[in-house]
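Subject: The structure we talked about

Hi,

Here is the structure I promised to pass on. Have it open while you read, and I'll walk you through what turned up.

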Amino acid sequence: MGSRQGGGLDPSPEPTPDPSGQQAAPKRRPLRDGFGFFGSFLKNPTSVGAVLPSSRFLSRALVGTLDHIKEGELVVEYGPGTGPMTAVINERLPANAQYLGIELQPEFHDLLATRFTNMSFHLGSAGDVKQILADRGLPRPARIISGLPFASLPPAVQDSVIDGLVWALQDSECDFRTFQYAHAYGMKSARRFRGLMAERFQNFERIGPIMRNVPPAFVLRYRGVR
Ligand SMILES: C[S@@+](CC[C@H](N)C(=O)[O-])C[C@H]1O[C@@H](n2cnc3c(N)ncnc32)[C@H](O)[C@@H]1O
């Protein structure tokens, strides 16, 4: 796979303070999958939102095919964590396409930058996508793939991410893909997210549950801003 950079000016600016008060981890220490991920969950339960990284089965279902992404087009990943979905994107994305991962936690951001040296990562909040892409001179995305734990995110963060999505996907056939754990699917905050998305997007598809993930999860696809 050829070199793939997200372009832009500063590959790792400091995170923008989040108006909702969502906290980024203050320490920067080396982190490994599994055990390290669980440690990050204990420190930041609402923003990490999971005790284990996603399985390759969920990651493959979430990413889908990327063959249609054309030269120079951009795929954005929200909340890559330790990178299970990033690894699938790295395998599937055409070499001349662009990629940017937006990750809130410095430990995960540093790990990603070490693990995927041909990809670009931004330390900050997905809610700031418009400003982040503008600062880096990047186009609107051709696909957004999200690992954000919407069911555990505060309403203000859900709102800012949805506003950013509406901006990013306007006048485009681009789709947004995310997942929700089956056990949390009926939670008030998970329903709130889907309710807001239904108001803003015309097309919705649910895939799964993907059982070969701990815990099982649905993949959700949205397209067509109203
Ligand atoms: C449930 S974990 C998923 C990690 C990885 N995608 C996976 O599937 O294993 C959620 C990830 O979203 C990140 N995150 C939470 N809020 C975020 C935000 N506002 N902007 C960017 N990343 C965020 C967390 O730090 C964490 O890496």
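Start with strand E3, residues 120-123. Ser120 and His122 point one way from E3, while Phe121 and Leu123 point the other way. Are these four buried or exposed? All of them are buried. Strand E3 runs parallel to E2, and 4 bridges join the two. One pairing you can look up yourself is glutamate 103 with its bridge partner in E3, leucine 123. Before you go further, keep in mind that this is a predicted model.

Next, the ligand. It has 25 residues around it, and the closest are Pro53, Ser54, Gly79, Gly81 and Gly147. What kinds of residue make up that shell? There are 14 nonpolar, 10 polar and 1 charged. Strand E2 (98-103) turns up again here: along with helix H2 (45-48) and helix H4 (84-92), it supplies at least two residues of the shell.

Helix H4 has an inner side too. Its buried residues are Pro84, Met85, Thr86, Val88 and Ile89. Among the elements covering them are H3, E1, E2, helix H5 (106-115) and E4.

Ile89 also belongs to the largest nonpolar core, which has 49 residues. Which members touch the most others? They are Leu62, Val75, Val76, Ile89, Ile102 and Ile145. The largest share of this core, 5 residues, comes from helix H7. A core like this fits a wider pattern: in soluble globular proteins, nonpolar side chains tend to be buried together. Take a closer look at isoleucine 145. Setting aside residues up to four places away in sequence, isoleucine 145 touches Leu62, Val63, Val75, Glu77, Met85, Ile89 and Arg177. So the list of its contacts is not purely nonpolar, since Glu and Arg count as charged.

Now for H7 itself, which covers residues 155-169. You can check its length with simple arithmetic: at 1.5 Å a residue, its 15 residues should span 21 Å, and because the end C-alpha atoms are 21 Å apart, the two values agree. (The expected span uses one less than the number of residues.) The buried residues of H7 are Val157, Gln158, Ser160, Val161, Ile162, Gly164, Leu165 and Leu169. When you look at the numbers in that list, it helps to know that an α-helix has 3.6 residues a turn, so residues three or four places apart point the same way. What do the buried residues of H7 pack against? Their partners are helix H6 (129-135), strand E4 (143-146), strand E5 (175-181), helix H8 (188-200) and strand E7 (217-225).

Then come a few backbone oddities. Most residues other than glycine have a negative phi, and most peptide bonds are trans. Aspartate 171 has a positive phi of about 55° although it is not a glycine. You'll find aspartate 171 just after H7, in the loop that leads to E5. Aspartate 171 counts as exposed because it has 7 C-beta neighbours inside 10 Å, and the cut-off for exposed is 12 or fewer. There are also cis peptide bonds to look at. One runs from glycine 208 to proline 209, with omega near 20°, and proline 209 sits in strand E6 (residues 201-210). Another runs from valine 214 to proline 215, with omega near -5°, and proline 215 is in the loop between E6 and E7.

Last, some loop residues. Glutamate 71 lies between helix H3 (56-63) and strand E1 (74-78), and it counts as exposed because it has 9 C-beta neighbours inside 10 Å. Beyond its neighbours within four places in sequence, glutamate 71 is in contact with Asn96 and Ala97. Glutamate 71 and proline 94 are 23 residues apart in sequence, with their C-alpha atoms 7.7 Å apart. Proline 94 is in the loop between H4 and E2, and is partly exposed, with 16 other C-beta atoms within 10 Å. Not counting residues up to four places away in sequence, proline 94 touches Leu66 and Ile69. Serine 152, in the loop between E4 and H7, is partly exposed too, with 18 other C-beta atoms within 10 Å. From serine 152 to alanine 184, 32 residues along the chain, the C-alpha separation is 9.4 Å.

Have fun exploring!

Conventions:
Residues numbered from 1 in each chain as written. Predicted model: local features only at pLDDT ≥ 70, side-chain atom pairs only at ≥ 80, totals over all residues. Near = placed C-beta within 6 Å. Buried ≥ 20, exposed ≤ 12 C-beta atoms within 10 Å, placed from the backbone. Contact = placed C-beta atoms within 7 Å. Core = buried A, V, L, I, M, F, W, Y, C linked by C-beta atoms within 7 Å. Pairing = 2+ DSSP bridges.
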